[in-house]
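The report below works through a single protein chain, taking strand pairing, charged contacts, aromatic rings, one loop residue and model confidence in turn. It is meant to be read with the coordinates open.

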Amino acid sequence: MARFQTIRVLSLFFVLFFFNTNLFSQCSDAGVCSVGGHTDGTHSNSISLTYVLGGSGKPESVTFHTVNLSGGFSLGGGYQVDLNIPFSTQAGESFSTSGLGDLSLIASKQHEVSKNISFLFSLGFKLPTGAVHLKNDAPQIYQSGLGTYDILAGAGFIYRQFDFLIGFQIPFGRSENKDTRLQRAPDLMIRGGYSYLFGESAVKVELIGIKRLGLSSRLYIPNPWVSTIAGTESFVDVDGSDQTQLNIGLGFNTKISNRVKVDVYGAMPLLKRDNNIDGLKRAFTLSVGVEYLF
C-alpha cells in the first residue's frame with residue numbers, strides 16, 4: 001500500500017512538472033537558494049550526487065546538464081558545513097561547452113528551541129572556480145562560472161513541517177568574460193515551504209522569491225568592430241536586470257535503505273523573466289539525486 005502511494009505521488013509530480021515547462025521564469029539562481037540546508041534527523045553526515053536538467057527557453061534555447069557532488073558534515077552542537085562542486089554542460093544552437101562550475105561552502109547553525117521549533121543561521125561563500133572563457137566568443141549563458149566571489153547568508157526557522165528562510169547573496173568584482181564583464185547586483189531570497197511526511201517518504205512544496213537589489217552593469221563598447229584600449233573600459237547599467245522572480249518548487253524524497261535516500265525536485269515558473277544578461281534564466285529545472293547518510 002505504501003509503495004502504491006509513493007508511485008501515485010511520483011506520477012502526480014511528473015504530470016504537474018512537465019505540463020508547466022512551457023512557462024518562462026527563473027528556476028535557477030546565482031547560488032542563494034543553496035542557503036538553508038539542514039541535516040537528516042537521524043544521521044550526522046551525508047554525501048550526494050545529483051543530476052540537474054534545465055533549459056533557458058527562447059530565444060537562447062540552451063540546454064543545461066549539471067552534475068553536483070555535495071557533502072554535508074556535522075561539527076557537533078548543531079553546526080554543519082555544506083560543500084557543493086558542480087560540473088556542467090551547456091548546449092545550444094551556436095555553442096556547446098562544458099566545465100567545472102563555481103564551488104560553494106556554507107556553514108550553518110541549527111538552534112532547537114523546542115521539539116517543534118528550530119532557528120537556522122547560515123553564512124558562506126561561492127568561489128569563481130568555473131571558467132568564464134570556455135569559448136572566447138561565447139556569451140555568459142554558455143559559461144560554467146559566473147566569475148565573481150560571492151558572500152552567502154541566511155536566517156530562518158522551522159516549525160513542525162513548515163520552514164521559512166530569508167537569504168542574501170552579495171557578489172564582489174566583475175566577471176572576466178570579455179563579452180559582458182558583468183557585475184551583478186546583490187540578491188534577496190525569501191523562501192517558504194511545507195513538508196508532508198508519510199512513512200520513510202516526504203513530499204515538499206515551496207515558494208521561492210528572488211529579488212535583485214539593483215541593476216547589474218556590463219561592458220560598454222560603442223563600436224563592436226574596434227577593440228577596447230586597455231584602461232579605457234566603461235560600463236553601463238542593464239535595463240530590466242533588477243527583476244523579481246517567483247517559482248513554485250515541488251520535491252519528493254524517500255529512503256530506499258537506512259542510509260540511502262533518493263530525491264526528485266522540479267521548479268515551476270510563476271513570473272516571466274525577459275532579461276537574461278547573467279545567463280541564469282530557466283524555463284524549467286528538474287533534478288534527481290542519490291544521497292548517502294552516515
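In this predicted model, Gly-251 has Tyr-265 in strand S14 as its bridge partner. The two strands concerned, S13 and S14 (residues 260-269), run antiparallel and are joined by nine bridges, and the connection from S13 to S14 is a hairpin of four residues. Strand S13 (residues 244-255) also pairs with strand S10 (residues 201-212), again in the antiparallel sense, and here the pairing extends over 11 bridges. Within that second pairing, Ile-210 is matched with Gln-245 of S13. Strand S13 thus has bridges to S10 and to S14.

**Salt bridges**

Side chains of opposite charge can pair when their charged atoms come close. Eight salt bridges are counted in the model, and three of them are set out here.

| Basic residue | Acidic residue | N to O distance |
|---|---|---|
| Lys-281 | Glu-60 | 3.7 Å |
| Lys-204 | Asp-163 | 3.0 Å |
| Arg-191 | Glu-206 | 3.9 Å |

Where in the chain do Lys-281 and Glu-60 lie? Lys-281 belongs to the loop between S14 and strand S15 (284-293), whereas Glu-60 belongs to the loop between strand S1 (46-55) and strand S2 (63-76), so that this salt bridge links distant parts of the chain, 221 residues apart. Lys-281 counts as buried because its relative accessibility is 3%, which is under the 20% limit. Glu-60, with a relative accessibility of 24%, counts as partly exposed.

The salt bridge between Asp-163 and Lys-204, at 3.0 Å from N to O, likewise connects distant parts of the chain, since Asp-163 is in strand S8 and Lys-204 is in strand S10, 41 residues apart. Asp-163 is buried at a relative accessible area of 14%, while Lys-204 is partly exposed at 25%. The third pair in the table brings together strand S9, which holds Arg-191, and strand S10, which holds Glu-206, and so ties parts that are 15 residues apart in sequence. Both Arg-191 and Glu-206 are buried. Through salt bridges that share partners, Asp-163, Arg-191, Lys-204 and Glu-206 are joined into one network.

**Aromatic rings and charges over rings**

A pair of aromatic rings is described by the distance of the centres and the angle of the planes. Five aromatic pairs are counted, among them Phe-157 with Phe-164, whose ring centres are 6.0 Å apart and whose planes make an angle of 35 degrees, an arrangement classed as tilted. Phe-157 has a relative accessible area of 36% and is partly exposed, and Phe-164, at 32%, is partly exposed as well.

Which class applies to the rings of Tyr-292 and Phe-294? Their centres lie 5.9 Å apart and their planes meet at 20 degrees, so the pair is stacked, the limit for that class being under 30 degrees. Tyr-292 is partly exposed, with a relative accessible area of 43%, and Phe-294 is partly exposed too, with 34%.

Rings also take part in arrangements with charged side chains. The charged end of Arg-282 is placed over the ring of Phe-64, at 3.5 Å from its centre. Lys-109 lies over the face of Tyr-79, 4.7 Å from the ring centre.

**A buried loop residue**

Is Asn-177, a loop residue, buried or exposed? Asn-177 is buried, with a relative accessible area of 1%, although its position is in the loop between strand S8 (162-172) and strand S9 (187-198). Apart from its neighbours within four places in sequence, Asn-177 is in contact with Val-132, His-133, Ala-138, Gln-140 and Gln-143.

**Confidence of the model**

The average pLDDT over the chain is 86, and 85% of the residues score at least 70. Over residues 9-27, however, pLDDT stays under 50, and for this stretch the model has 58 contacts beyond four places in sequence. Those contacts belong to a segment with pLDDT under 50, and any reading of them should keep that value in view.

Notes: Residues numbered from 1 in each chain as written. Predicted model: local features only at pLDDT ≥ 70, side-chain atom pairs only at ≥ 80, totals over all residues. Heavy atoms only, no water. Buried < 20%, exposed > 50% of the residue type's maximum accessible area, 1.4 Å probe, protein only. Contact = heavy atoms within 4.5 Å. pLDDT = per-residue confidence, 0-100. Phe/Tyr/Trp six-rings, centres within 6.5 Å; stacked < 30°, edge-to-face > 60°. Lys NZ or Arg CZ within 6 Å of the ring centre and 35° of its normal. Pairing = 2+ DSSP bridges. Salt bridge = Lys/Arg side-chain N within 4 Å of Asp/Glu carboxyl O.
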